[in-house]
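This report goes through selected features of one protein model, beginning with pairs of charged side chains. Please keep the sequence and the structure in view while reading.

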Amino acid sequence: MRTLAIDLETYSSNDIKYSVYKYVEAPDFEILLFAYAFDDDPVRVVDLAQGETLPDDVKAALYDKDVLKTAFNANFEINCLKKYFPDLPEEQWECDRILSLYNSYPPHLAAVAKAMHFDEDRQKDTRGKALIRYFCLPCKPTKANGGRTRNYPKDAPDKWEIFKEYNRQDVVVERAIRDKLVNLRPPDFEHENWLIDQAINRNGIMVNQTLVDNAIRLSGEYREKLLARAMKITGLDNPNSPLQVKGWLEERLGCTVDSLSKAAVADMLAEDIPGDVREMLSIRQKISKSSIKKYDAMRMAACHDRRIRGMFQFYGAARTGRFAGRIVQLQNLPRNSMPDLDLARNMVLDGDLEALEMCYDDVQDVLSQLIRTALEAPPGKRFIVADFSAIEARVIAWLAGEEWEMKAFAEGKDIYCATASAMFGVPVVKHGVNGELRQKGKVAVLACLAEGQEVLTDRGLIPIEKVTLKDRVWDGENFVTHAGVVYKGTKEVMTYDGLTATPDHLVWIAGESRPVRFEDAAARGAHLVQTGDGRRAIRLGKSHQLRNSETDSRRIAGRYHPGRPESSHGETKELARHKKTARVYDIRNAGPNHRFTVSGKLVHNCGYGGGIGALKAMGADKMGLTDDELQTVVRKWREASPHIVKLWSDVENAAMNAVSGIPTTIRQKSLHFHVEDDALYIELPSGRHLVYLRPHLGQNRFGSDAILYTGLGGSKTTAGRWGTLETYGGKLVENCLAQGTLVLTDRGLVPIEKVSKDTLVWDGVFFVRHEGVINNGLQDCITVDGLSMTPDHRVLTEKGWMPCVETQGLNWADVRLPHRHQADKSSRAVLRQDDKRTSRRVGNRHDNAMLSNGPQLASRIVINKTKGKKRVYDIRNCGPRHRFAVYDPETKKVRLVHNCVQAIARDCLCAAMKRLTDAGYKICAHIHDEVILEMPEGKGSLDGAVRIMCQNEPWNEGLVMNADGFEAKYYQKD
């Protein structure tokens, strides 16, 4: 098939940021330059702005099904050309931007070329931005330009010639990118998904223009009234000026006010402050509500038919391939929790500000909650909204093969009851038999702290995401060690008393000796316990001492006012409503008291790998259970869900093995891992790949072994930056080897109980570091092929990893032994450069028989475990693969004993959207795992849509899916 590469330069008075659909609607829209090239032919530029016309062969190729059309961000070229060729077929196009994103490159042409290290003649022309501003955008009329509002080629002929060369160079760069990646293009079904995405973006969704216009007007009028009240309170000329407001606050409070951020204002509102200060700060909170600006985006983006188009970016999330929101950002619309939604909506449609003020305390909050309802179905039609139920929980159960959980989903059971039943071996019925155990089954969601929250450590205040294992954290009494920071994804958080965290995070409040849920503390208007600056211990449960501690902290913060009486803080209950989403983290096992200080407040850590923290977050601590009893619950859940627990480490180990250079493709739970052309590929069950560029093994910021790779950052500090990223590894597993088992180390064969921390051990690929031997006491052992170990210790056989008790009749896999030159190189690579003593030993003390160029001993490898009637031992954290080699003197053999869910959920959604489209349902929007269908009255149904969504594809057979939803005239969160 021939290929036609295309790049356009265009003009429009409509801003492109409101979608290409709005852009091409402008009456003055036109294509200025048309650069193209067939296959490897030279690039030509057609100067349409100066009267040239497209050659006939190009026009014919646009409709020829045997010519593949390509462009970088082809959606732009397609919709611009449709202005001239309305019946242009889209299915004959491919987007090179999607090709780049699929392979984990940046979304912009120049950035991709730079990341690929192209030579200078294949880099994007840097002069383009200024030329685009000059020729493609309206200009301001001035005396110098004769009062014109647009620049034409005749106004700057020299610039125009440079602009034509810029247009030509874009095709050169696009073609070079495609040549490099074309053999790594997505599967055919991804092209179908892209075409469906094009159709959804073209369909768009209608907005109620009256509601939008009135909301904008009412917000402005309400804001002016608030500002007038603020002027009366403060006497300021401009009470919207942060500088003036800070000055007034400092005068009233008698202390320095460093910030007027949302968190800082919330912190001040949580204190005992004068009434006029409280009212002023409350006004500031109301007028700064940013979500109202979505109405402006809706008004600006609406096309002539009142529909907003182009709100979804295909492959917007790196690697997982999830969609990203654009323009109005439907992905983060405020929730509507009002019971009288219709009443409030009608008040806004009527434009009645007086009625809104009479019925509601905060008009801005009402307008915020009504944003979803501005999206409505046209006359004679209605929305069918269907949402996958717990799709990621279902995917991981299916992926791991957790049969009892899949059965519970299939039978429509309460998953928490089913989990508790599996944990405790008894029937559990909500509000019925053993119903008290249901809460113990609700352990899936961990409480967390928002990114950027500052943790008090022995080296000062550090954002939680940057705390390392070397940092000790303040627990209110001492600086204590911890087990590292854990990243828990993006969740809803709230701000109260200066702390931003998930509502279920556990915090301490004044006068209480046990922690409570953060949301409960806010609802009670309680003081969060403040722990000062790390120099003075507090005593929980002693209210007078806590009050002194708070006083110390407030003196430090500069907001303590001697002589001012304490008062109720019930007004702060409203802060619980100020929620948003954020990347969140927690700290694992912070000292013996399981707590640490963040943003000056004492909070509970997630503890014991997160299990106890999760149980407490779900209210288990209120049942009167001790930490030991809660640990039993965690253990029982893990015992009840062994396949899910195993999947966590299986995926990690498989990826690390692939990066280590093991030459065979690794198949792990329907996921295939392999490295090719300096990239790690994880093949999903659907056949799609996740791609990690330039992977290598190293340590992440928390000191854990991890895969490092190159890509676009996603955190506040790395967003949009191209550089080295990290994965979060370090999962540990249990079991042990008997005393006397010989371990292959860099100084020969050593009994496991005598392996020292500075001895490197062989893991089948490298000599690696470890964290020392642990004695796990007397345990039942069995002997398999001359090795004595606990029955469930996993070993590598000809059929893969298996518990040793199940290996009867199987041959153990042979493992390569180290050669001398490799051992020297590998050992030194994992040693610190300043460890010269150990480095010399590596070079001089290897056992010659074991380091010869031809292996004289077959090998066995045992998987490295954290813990394991003989006395048994294990070696903690042996390198990135968590395993080490042991030797059986009788047989003279050495053996080896031994993240994707979101992406699969995305594939389920895409497959569902294709089935819905094929069935005649019109998709006008989708948010996360939810679709909004616009259907005529009497056509289609919620039941029909749900049935279609829950059908399986051949690749996800056995995955039990469910969906639910509602029908309505306007969009809402049911």
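Glu 161 and Lys 164 form a salt bridge through their side chains, with 3.8 Å between N and O. The model in which this pair appears is a predicted one. Both residues belong to helix α7, which covers residues 157–181. They are three residues apart, about one turn of the helix. How exposed is each partner? Glu 161 has a relative accessibility of 46% and counts as partly exposed. Lys 164, at 17%, counts as buried, because the cut-off for buried is under 20% relative accessible area.

**Other salt bridges**

A search of the whole structure finds 33 salt bridges. Three of them are listed here, with their N to O distances.

| Salt bridge | Distance, N to O |
|---|---|
| Glu 161 and Lys 164 | 3.8 Å |
| Arg 309 and Asp 305 | 2.7 Å |
| Asp 213 and Arg 299 | 3.7 Å |

The pair of Asp 213 and Arg 299 links distant parts of the chain. Asp 213 lies in helix α9 and Arg 299 in helix α13 (residues 293–301), and 86 residues separate them in sequence. Asp 213 is partly exposed, at 29% relative accessibility. Arg 299 is also partly exposed, with a relative accessible area of 37%.

In the remaining pair of the table, Arg 309 counts as buried, at 13% relative accessibility, while Asp 305 counts as partly exposed, at 36%. Elsewhere, salt bridges that share partners join Glu 94, Asp 96, Arg 178 and Arg 185 into one network.

**Two buried charged residues without a salt bridge**

Asp 475 sits in the loop between β14 (473–474) and β15 (479–480). Asp 475 is buried, yet it has no salt bridge. Why is there none? The nearest side chain of opposite charge, that of Arg 595, is 4.4 Å away, and a salt bridge needs the nitrogen and the carboxyl oxygen to be within 4 Å, so this pair does not qualify.

What does the side chain of Asp 475 reach instead? One polar partner is the backbone nitrogen of Glu 477, at 2.9 Å. Another is the backbone nitrogen of Asn 478, which lies 2.7 Å from a polar atom of the Asp 475 side chain. Leaving out residues up to four places away in sequence, Asp 475 touches Val 480, Asn 593, Arg 595, Phe 596 and Leu 602.

Arg 372 is found in the loop between α16 and β10 (381–388). Arg 372 is buried and has no salt bridge; Glu 930 has the nearest side chain of opposite charge, 5.2 Å away. A polar atom of the Arg 372 side chain lies 3.2 Å from the backbone oxygen of Leu 333. Beyond residues up to four places away in sequence, Arg 372 touches several residues, including Pro 334, Arg 335, Asn 336, Tyr 971 and Lys 973.

**Nonpolar cores and helix α12**

The largest nonpolar core has 166 residues, and Trp 93 and Tyr 295 touch the most other members. Another core, of 25 residues, lies apart from it and has Val 473, Val 507, Ile 509 and Phe 596 among its members. Phe 596 is also one of the residues that Asp 475 touches.

Helix α12 spans residues 275–287 and has 13 residues. From its first C-alpha to its last, α12 reaches 19 Å, close to the 18 Å expected at 1.5 Å a residue. Buried residues of α12 include Val 277, Met 280, Leu 281, Ile 283 and Ile 287, and also Arg 278 and Arg 284. What covers the buried residues of α12? The cover includes α9 (209–234), α10 (242–253), α11 (262–269) and α16 (363–369).

**Residues apart in sequence**

Ala 263 is found in helix α11. Ala 263 is partly exposed, with a relative accessible area of 29%. Ala 263 and Thr 500 are 237 residues apart in sequence, but their C-alpha atoms are 7.6 Å apart in space. Setting aside neighbours within four places in sequence, Ala 263 is in contact with Thr 495 and Gly 498.

Val 485 belongs to strand β16 (residues 485–496). Is Val 485 buried or exposed? Val 485 is buried, with a relative accessible area of 5%. The C-alpha atoms of Val 485 and Val 467 are separated by 6.8 Å, and the two residues are 18 residues apart along the chain.

Key. Residues are numbered from 1 along each chain as its sequence is written. This is a predicted model: local features need pLDDT of at least 70, side-chain atom pairs count only at pLDDT 80 or more; totals for chains, interfaces and linings use all residues. Side-chain values use heavy atoms; hydrogens and water are left out. Helices (H or I, at least four residues) and strands (E, at least two) are DSSP runs, numbered from the N terminus. Buried means under 20% relative accessible area, exposed over 50%, partly exposed in between (1.4 Å probe, protein chains only). Lys and Arg count as positive and Asp and Glu as negative; His and the chain ends are not counted. A polar contact is a pair of N or O atoms within 3.5 Å; within protein, one must be able to donate a hydrogen and the other to accept it, and residues adjacent in sequence count only if both atoms are side-chain atoms. Contact means heavy atoms within 4.5 Å. A nonpolar core is a set of buried Ala, Val, Leu, Ile, Met, Phe, Trp, Tyr and Cys residues joined through side-chain atoms within 4.5 Å. The expected span of a helix is 1.5 Å times one less than its number of residues.
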